Amino acid sequence: MTGGPELYGFPPPETLPDLRWLGPDYVSVLVYDLTQGLLRQDPRTVVMGVRCEGDPDLRPSVDPGGVIRAHDACFPLQVYVQDGAGRPWRLRGRWTYSGRELGTSAASITHFWHLLSAEGV
């Protein structure tokens, strides 16, 4: 992401082949989706950095034929933002993607943020 936030600690996409359902660059997708969610709450928010604090928790589910049709991927994150009033914050939480009916025409991917703490810095 040229000109975007600083990114730290994310495992390289090639080391997580199970995340191909998110596209070739899961980190860019995640940061984009996270940023859009924060901007909906405060349109003047600036995301300055995102740190992945550990390996994502990957939970695939297979159909009777052994094909992955559902997959959850949960990332422990620290997100450094500046709110619309110019105050800096460190948000800690978990960003989760849930893919369902993967590999079918009914495929869907949803995502959500679970905030654990927000600290002014």
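**Exercise 1. A polar contact and its surroundings**

Find the distance of the polar contact that joins the side chains of arginine 90 and glutamate 119, and state in which strand arginine 90 lies.

*Solution.* The side chains of arginine 90 and glutamate 119 are joined by a polar contact of 2.5 Å, a value that comes, like everything in these exercises, from a predicted model. As a next step, place the arginine in the fold: arginine 90 belongs to strand 5. Finally, look at what else surrounds this residue, leaving out residues up to four places away in sequence: arginine 90 touches Gln78, Val79 and Tyr80, and also Ser117, Ala118, Glu119 and Val121.

**Exercise 2. The overall plan**

Work out how many helices and strands the secondary structure of the protein comes to, and which pattern they follow along the sequence.

*Solution.* Counting the elements gives one helix and six strands. Reading them along the sequence gives the pattern β-α-β-β-β-β-β. For the dimensions, the C-alpha trace spans about 55 × 30 × 25 Å along its principal axes. Of the 121 residues of the protein, 36% count as buried, and among contacts between residues at least 6 apart in sequence, 55% join residues at least 24 apart.

**Exercise 3. The helix and what covers it**

Compare the reach of helix 1 with the expected value, and then list which of its residues are buried and which strands are included in what covers them.

*Solution.* Helix 1 takes in residues 26–41, which makes 16 residues, and from its first C-alpha to its last it reaches 23 Å, close to the 22 Å expected at 1.5 Å a residue. The buried residues of this helix are Tyr26, Val27, Leu30, Val31, Asp33, Leu34, Thr35, Gly37 and Leu38. The cover over these buried residues includes strand 1 (6–8), strand 2 (46–52), strand 4 (68–82), strand 5 (88–100) and strand 6 (108–120).

**Exercise 4. The nonpolar core**

Determine how many residues the largest nonpolar core has, and which element gives the most to this core.

*Solution.* The largest nonpolar core has 23 residues, and within it Phe75, Leu77 and Val79 are those with the most contacts. Two or more residues come from each of helix 1, strand 2, strand 4 and strand 5, and helix 1 gives the most, with six residues. To see the surroundings of one core residue, take phenylalanine 75, which, leaving aside its neighbours within four places in sequence, is in contact with Leu19, Tyr26, Leu30, Cys52, Pro56, Gly93, Arg94, Trp95 and Tyr97.

**Exercise 5. Aromatic pairs**

Classify the ring pair of phenylalanine 10 and tyrosine 26 and the ring pair of tryptophan 95 and tryptophan 113, and explain which parts of the chain each pair ties together.

*Solution.* The structure holds four aromatic pairs. In the pair of phenylalanine 10 and tyrosine 26, the ring centres are 6.4 Å apart and the planes stand at 65 degrees, so the pair is edge-to-face, since planes over 60 degrees apart count as such. Phenylalanine 10 lies in the loop between strand 1 and helix 1, whereas tyrosine 26 lies in helix 1, so this pair ties together parts that are 16 residues apart in sequence. Both phenylalanine 10 and tyrosine 26 are buried.

In the pair of tryptophan 95 and tryptophan 113, the centres are 6.5 Å apart and the planes are at 40 degrees, so the pair is tilted. Because tryptophan 95 lies in strand 5 and tryptophan 113 in strand 6, the parts tied together are 18 residues apart in sequence. Tryptophan 95 is buried, with a relative accessible area of 4%, while tryptophan 113 is partly exposed, at 23%. Ring pairs also link Phe10, Tyr26 and Phe75 into a cluster.

**Exercise 6. A hairpin and two loops**

Find how many bridges join strand 3 to strand 4, which residue in their hairpin takes a positive phi near 85 degrees, and where glutamate 101 and glycine 23 are found.

*Solution.* Strand 3 (residues 57–62) and strand 4 run antiparallel and are joined by six bridges, and valine 62 has isoleucine 68 of strand 4 as its bridge partner. Five residues stand between the two strands of this hairpin, where glycine 66 takes the positive phi near 85 degrees.

Glutamate 101 is in the loop between strand 5 and strand 6; although it is not a glycine, glutamate 101 has a positive phi of about 55 degrees. With 44% relative accessibility, glutamate 101 counts as partly exposed.

Glycine 23 is in the loop between strand 1 and helix 1, and at 24% relative accessibility glycine 23 counts as partly exposed.

Terms used
Residues are numbered from 1 along each chain as its sequence is written. This is a predicted model: local features need pLDDT of at least 70, side-chain atom pairs count only at pLDDT 80 or more; totals for chains, interfaces and linings use all residues. Side-chain values use heavy atoms; hydrogens and water are left out. Helices (H or I, at least four residues) and strands (E, at least two) are DSSP runs, numbered from the N terminus. The expected span of a helix is 1.5 Å times one less than its number of residues. Buried means under 20% relative accessible area, exposed over 50%, partly exposed in between (1.4 Å probe, protein chains only). Contact means heavy atoms within 4.5 Å. Two strands pair if DSSP finds at least two bridges between them. A polar contact is a pair of N or O atoms within 3.5 Å; within protein, one must be able to donate a hydrogen and the other to accept it, and residues adjacent in sequence count only if both atoms are side-chain atoms. A nonpolar core is a set of buried Ala, Val, Leu, Ile, Met, Phe, Trp, Tyr and Cys residues joined through side-chain atoms within 4.5 Å. Rings of Phe, Tyr and Trp (its six-membered ring) pair if their centres lie within 6.5 Å; planes under 30 degrees apart count as stacked, over 60 as edge-to-face and the rest as tilted.
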